[in-house]
Amino acid sequence: MKRILFFAFLVLFISCGSSGIEGYVGESITITAENPEETDDVDFNWVLLDQPDGSLLSSKDLKYKMAGQEMNFAPDYPGSYTFEVSISRFGDELSSQSFIFSISDL
């Protein structure tokens, strides 16, 4: 089931082109990172790389589930948001994934 959701998300991500995945201010958005090791023995470190100038979103506003593999946020200002997740095991980085969102007003 996780693989199906990941591939559906990946197709959506690629089909959105360079503008990123679209969403709306105040709308809850959930991102699930791919686990390259298929084991629970990995760490997920999410970072907010870029956000619109008027946004007050911080790392404190990010919510995590599934031992950090899933991250949820609610954009607070229209514009572009970029997140990156680093996946590591025993301190060694296995991979990183980036997610770009284009957020509009409702």
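How many bridges join strand 1 to strand 7, and in which direction do the two strands run? The figures below come from a predicted model.

**Figure 1. Pairing of strand 1 with strand 7.** Strand 1 and strand 7 (residues 92-104) are joined by four bridges and run parallel. Within this pair, E22 stands opposite S102 of strand 7.

**Figure 2. The open sheet of four strands.** The order of the strands in this open sheet is 1-7-6-3, with mixed pairing. Strand 1 (21-24) and strand 3 (43-50) are the edge strands, each paired on one side only. On average, neighbouring strands of the sheet are turned by 30° against each other, direction ignored.

**Figure 3. Surroundings of T82.** T82 lies in strand 6 (residues 79-89). Its relative accessibility is 15%, so T82 counts as buried, the cut-off being under 20%. Beyond its neighbours within four places in sequence, T82 is in contact with V47, L48, L49, D50, F99 and I100.

**Figure 4. Confidence along the protein chain.** The protein chain has a mean pLDDT of 85, and 82% of its residues reach 70 or more. Among its elements, strand 5 (residues 70-73) has the highest mean pLDDT, 97, and helix 1 (residues 2-15) the lowest, 44.

**Figure 5. The stretch of residues 1-17.** Over residues 1-17, pLDDT stays under 50. For this stretch the model has 14 contacts beyond four places in sequence. Where pLDDT is low, predicted coordinates should not be read in detail.

Note on methods: Residues are numbered from 1 along each chain as its sequence is written. This is a predicted model: local features need pLDDT of at least 70, side-chain atom pairs count only at pLDDT 80 or more; totals for chains, interfaces and linings use all residues. Side-chain values use heavy atoms; hydrogens and water are left out. Two strands pair if DSSP finds at least two bridges between them. Axes are lines fitted to C-alpha atoms, for helices over the stretch in contact, and angles run from 0 to 180 degrees between N-to-C directions. Buried means under 20% relative accessible area, exposed over 50%, partly exposed in between (1.4 Å probe, protein chains only). Contact means heavy atoms within 4.5 Å. pLDDT is the predictor's confidence in each residue, from 0 to 100.
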